[in-house]
Amino acid sequence: MPNYVYEAKNAKESCPKCRDGFEIVQKISDAKLTHCPDCGAEIIRVIQPSALMHSKTDLHYRAKRAGFHTLKRVGKGEYEKMY
Ligand SMILES: [Zn+2]
């Protein structure tokens, strides 16, 4: 069963759980969640990193999770993003 990631649509109307995003296991046949199970705020489903490895959503999600990203120097003037 796939894991889905949800986060609050509006950070001002959220609890700590949905503000930072949370994962939930759902069946593909299950309806997607529209409200946080804890506080009832509106939430949106975030595309998972594994589904779209190089998407902006992925970078956004990972950076948000990590809080920052660092760069590793891999060559002359070349840097690799490390998460
Ligand atoms: Zn919430």
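## Pairing of β1 with β3

In this predicted model, strand β1 (residues 3-8) pairs with strand β3 (residues 43-46) in the antiparallel sense, over 4 bridges. Within this pairing, Ala8 of the protein chain stands opposite Ile43 in β3.

## Pairing of β1 with β2 and the resulting sheet

Strand β1 also pairs with strand β2 (residues 22-25), again in the antiparallel sense and over 4 bridges. Two bridge partners can be named here: Tyr4 is matched with Ile24 in β2, and Tyr6 is matched with Phe22 in β2.

Together these strands form an open sheet of 3 strands in the order β2-β1-β3, with antiparallel pairing. The edge strands are β2 and β3, each of which pairs on one side only. From one strand to the next, the twist averages 40 degrees. In general, strands of a sheet pair through backbone hydrogen bonds, in either a parallel or an antiparallel arrangement.

## Overall organisation and confidence

The protein chain contains 2 helices and 5 strands. Read from the N terminus, its elements follow the order β-α-β-β-α-β-β. Of its 83 residues, 8% count as buried. Among contacts between residues at least 6 apart in sequence, 35% join residues at least 24 apart.

The mean pLDDT of the protein chain is 79, and 65% of its residues reach 70 or more. Among the elements, helix α1 has the highest mean pLDDT, at 95, whereas helix α2 (residues 56-66) has the lowest, at 65.

## The nonpolar core and Cys18

The largest nonpolar core comprises 6 residues: Tyr6, Ala8, Cys18, Phe22, Cys36 and Ile43. Several of these residues also appear in the strand pairings: Tyr6 and Phe22 are bridge partners, and Ala8 stands opposite Ile43.

Cys18 belongs to helix α1 (residues 16-19). Cys18 counts as buried because it has 26 C-beta neighbours inside 10 Å, the cut-off for burial being 20 or more. When neighbours within four places in sequence are left aside, Cys18 is in contact with Tyr6, Glu7, Ala8, Cys36, Asp38, Cys39, Ala41 and Ile43. For Glu7, the C-alpha to C-alpha distance to Cys18 is 4.9 Å, with 11 residues of separation in sequence.

Cys36, another member of the core, has contacts with Ala8, Ser14, Cys15, Lys17, Cys18, Ala41 and Ile43, leaving aside its neighbours within four places in sequence. Ala8, Ala41 and Ile43 are thus among the contacts of Cys18 and also among those of Cys36.

## Lys17 in helix α1

Lys17 is likewise placed in helix α1. In contrast to the buried Cys18, Lys17 is partly exposed, with 17 other C-beta atoms within 10 Å. This count falls between the limits of 12 or fewer for exposed residues and 20 or more for buried ones.

Not counting residues up to four places away in sequence, Lys17 touches Phe22, Cys36 and Asp38. The C-alpha atoms of Lys17 and Asp38 are separated by 7.7 Å, although the two residues are 21 apart along the chain. Asp38 is also one of the contacts of Cys18.

## Exposed loop positions

Two loop residues lie at the exposed end of the scale. Gly40 is found in the loop between β2 and β3, and it is exposed because 12 other C-beta atoms lie within 10 Å, which meets the cut-off of 12 or fewer. The C-alpha atoms of Gly40 and Glu13 are 9.1 Å apart, with their positions 27 residues apart along the chain counted as the sequence separation.

Ala11 is found in the loop between β1 and α1. Ala11 is exposed as well, with 11 other C-beta atoms within 10 Å. Ala11 and Glu42 are 31 residues apart in sequence, and their C-alpha atoms are 9.6 Å apart in space.

Conventions: Residues numbered from 1 in each chain as written. Predicted model: local features only at pLDDT ≥ 70, side-chain atom pairs only at ≥ 80, totals over all residues. Contact = placed C-beta atoms within 7 Å. Pairing = 2+ DSSP bridges. Axes fitted to C-alpha atoms, helices over the stretch in contact; angles between N-to-C directions. Core = buried A, V, L, I, M, F, W, Y, C linked by C-beta atoms within 7 Å. pLDDT = per-residue confidence, 0-100.
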